[in-house]
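Subject: Structure handover

Hello,

Please find the structure below. My notes on it follow.

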Amino acid sequence: MAGPQLPHVGAKFYGMFKETVSLARYVFRNEKGTQFVFTGTGTTGMESSVVSLVSHGDRTLTLMTGYFGHRMLMLNQVHGAKADSMEFAPGAAADPDALRKKLRRTKYKIVFITHVDTSSSIINPVPELVDECSKAGVLSVVDSVCAIGGVPLDFDKLGADIVFTASQKALAAAPGAVLVAASPGAIEHMENRKAPIEGYYMNLLRWKPIMDDPRMYLATPATQVLLALREAMLEVKEEGIENRWARHRKLGEMTRSRVEEWGQRFVAEEGHRANTVTSFWVKKENAGEVQSKLEKEHNIMIARGLYDDRDKMLRIGHFGILTPEVLKKALDMAGDVMEGLGAAPSSVKVARPGKKR
Ligand SMILES: Cc1ncc(COP(=O)(O)O)c(C=O)c1O
């Protein structure tokens, strides 16, 4: 990113951009579909899927397992869908059997699924959910912003119509790029819609030719951000995507066992806890104090819950280039800070190997 500014219409950027799209195909395991990479954020992935697929009055269903389901529902409403939602018990993942029954009762056009909801840290059984959609002849869209790069996903095998992510999470690049994979069926749906796509920047069909030649102008790309994404994905390839998933599994296990030692209550039920983020309820409702002490004294950033959960919940992001060694140190410090503030119950010793109490 610190290199010289490259003109987006020049040969050098052209070559690097083409490589970026091909690296994105590697990360998504997308050989069969269309791969998009453009300037935006995860929300651009959400909104461009809705705008490109949904026509006014289409019946859509959003599966809700945390805040990002709510945002997806809101986008469906804003863009004129007859938007239904399906809530699951707090902490529970979306249930494929319940989805099957729902799809039998009501004819939907599109189902929206969050892979890992970053608010609750619930990971949904995406292959089973997508399978129910495919069997019912319904299009499916997967928000994989907090998953791709850290959690197994194989776009070609999955059979979903759109899957998207953003640059800043498990891919460990700078924020500002959105990556979208669309199946041939999704592209066909966009091309054959009766009503034209009501969007310009959010219209994926407009971006399609740009993926073949970024020198064709649609909107000026954030070239440095895209170059940084290319570099980050070269690192993913160097590590190997399967090794990266395995490393994230280890990071997830380490974090969960430490949260258990602290005596905190997980937001997500067992068996549905993601390997990229861990959310838990803090006993003293002093999440803000824990956050600011960790940031000021140790330069470690821990996230709080979103909106109503701001004081009650903490979230540890464990994705990207994080190593188990670095995570261990951060968890040691988080444990000490929480114990000092009484966020960890005093009856539970914040135990860690090598520290005498
Ligand atoms: C699951 C999920 N979806 C969508 C988004 C929105 O992404 P962005 O903030 O990059 O717009 C986020 C952001 O954290 C997310 O975690």
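What volume does the largest cavity have? The answer is about 90 Å³. Bear in mind throughout that this is a predicted model.

Cavities

The structure holds two cavities of 30 Å³ or more. Fourteen residues line the largest cavity, and those closest to its centre are Trp207, Ile210, Pro214, Ala219 and Pro221. Strand E1 and helix H8 (204-212) are the elements that each give two or more residues to this lining. By class, the lining of the largest cavity has twelve nonpolar residues, two polar ones and no charged ones.

The second largest cavity has a volume of about 30 Å³. Its lining is made up of Thr62, Leu63, Phe68, Gly69, Met72, Phe112, Ile113, Thr114 and Asp143. Strand E2 (59-64), helix H3 and strand E4 (110-114) each give two or more residues to that lining. Five of the lining residues of the second largest cavity are nonpolar, three are polar and one is charged.

Ligand

The shell around the ligand consists of Thr41, Gly42, Thr43, Met46, Phe68, Arg71, Val116, Thr118, Asp143, Val145, Gln168 and Lys169. Phe68 and Asp143 thus appear both around the ligand and in the lining of the second largest cavity. Helix H2 (42-53) and helix H3 each supply at least two residues of the shell, and H2 gives the most, with three. Sorted by class, the shell has four nonpolar, five polar and three charged residues.

Three polar contacts to oxygen atoms of the ligand can be listed:

- Thr118: an N or O atom in the side chain is 2.3 Å from an oxygen atom of the ligand.
- Lys169: a polar side-chain atom lies 2.6 Å from an oxygen atom of the ligand.
- Gly42: a backbone N or O atom lies 2.9 Å from an oxygen atom of the ligand.

The ligand taken alone exposes 390 Å², of which the protein buries 86%.

One residue of the shell, Val116, is found in strand E5 (residues 116-117). Is Val116 buried or exposed? Val116 counts as buried because its relative accessibility is 1%, and the cut-off for buried is under 20%. The C-alpha atom of Val116 is separated by 14 Å from that of Asp95, with the two residues 21 apart along the chain.

Pockets

The largest pocket has a volume of about 440 Å³. It is lined by 23 residues, and closest to its centre are Thr65, Gly66, Tyr67, Ser120 and Asp309. Helix H3 (67-78) and strand E10 (265-266) are the elements that give two or more residues to this lining. The lining of the largest pocket divides into 13 nonpolar, six polar and four charged residues. Helix H3 therefore recurs in these notes, as an element counted by its DSSP run: it contributes to the largest pocket, to the shell around the ligand and to the second largest cavity.

The second largest pocket holds about 230 Å³ of space. Of its 15 lining residues, Ile300, Met301, Ile316, Gly317 and Ala330 are the closest to the centre. Strand E13 (313-317) and helix H12 (324-341) each give two or more residues to the lining, and H12 has the largest share, at five residues. The classes in the lining of the second largest pocket are twelve nonpolar, two polar and one charged.

Individual residues

Most residues other than glycine have a negative phi. Two residues with a positive value are worth listing here:

- Arg29 has a phi near 55° and sits in the loop between helix H1 (11-28) and strand E1 (34-39). Arg29 is partly exposed, because its relative accessible area is 26%.
- Glu285 has a phi of about 50° and sits in the loop between strand E11 (277-281) and helix H11 (287-298). Glu285 is also partly exposed, because its relative accessible area is 48%.

Thr39 is found in strand E1. Which atom does the side chain of Thr39 reach at 3.0 Å? That atom is the backbone nitrogen of Ala222. Thr39 counts as buried because its relative accessibility is 19%, and buried means under 20%.

Regards

Conventions. Residues numbered from 1 in each chain as written. Predicted model: local features only at pLDDT ≥ 70, side-chain atom pairs only at ≥ 80, totals over all residues. Heavy atoms only, no water. 1 Å grid on protein atoms, 1.4 Å probe; cavity = no way out; pocket = protein on both sides within 12 Å on 5 of 7 lines; lining within 4 Å. Points joined across faces, edges and corners; volume = space filled by probe spheres on them. Helix = DSSP H or I, 4+ residues; strand = E, 2+ residues; numbered from the N terminus. Nonpolar A, V, L, I, M, F, W, Y, C, P; charged D, E, K, R; others polar. Near = heavy atom within 4 Å. Polar contact = N/O pair within 3.5 Å; in protein donor to acceptor, adjacent residues only side chain to side chain. Areas by Shrake-Rupley, 256 points an atom, 1.4 Å probe, with all protein chains shown as cover. Buried < 20%, exposed > 50% of the residue type's maximum accessible area, 1.4 Å probe, protein only.
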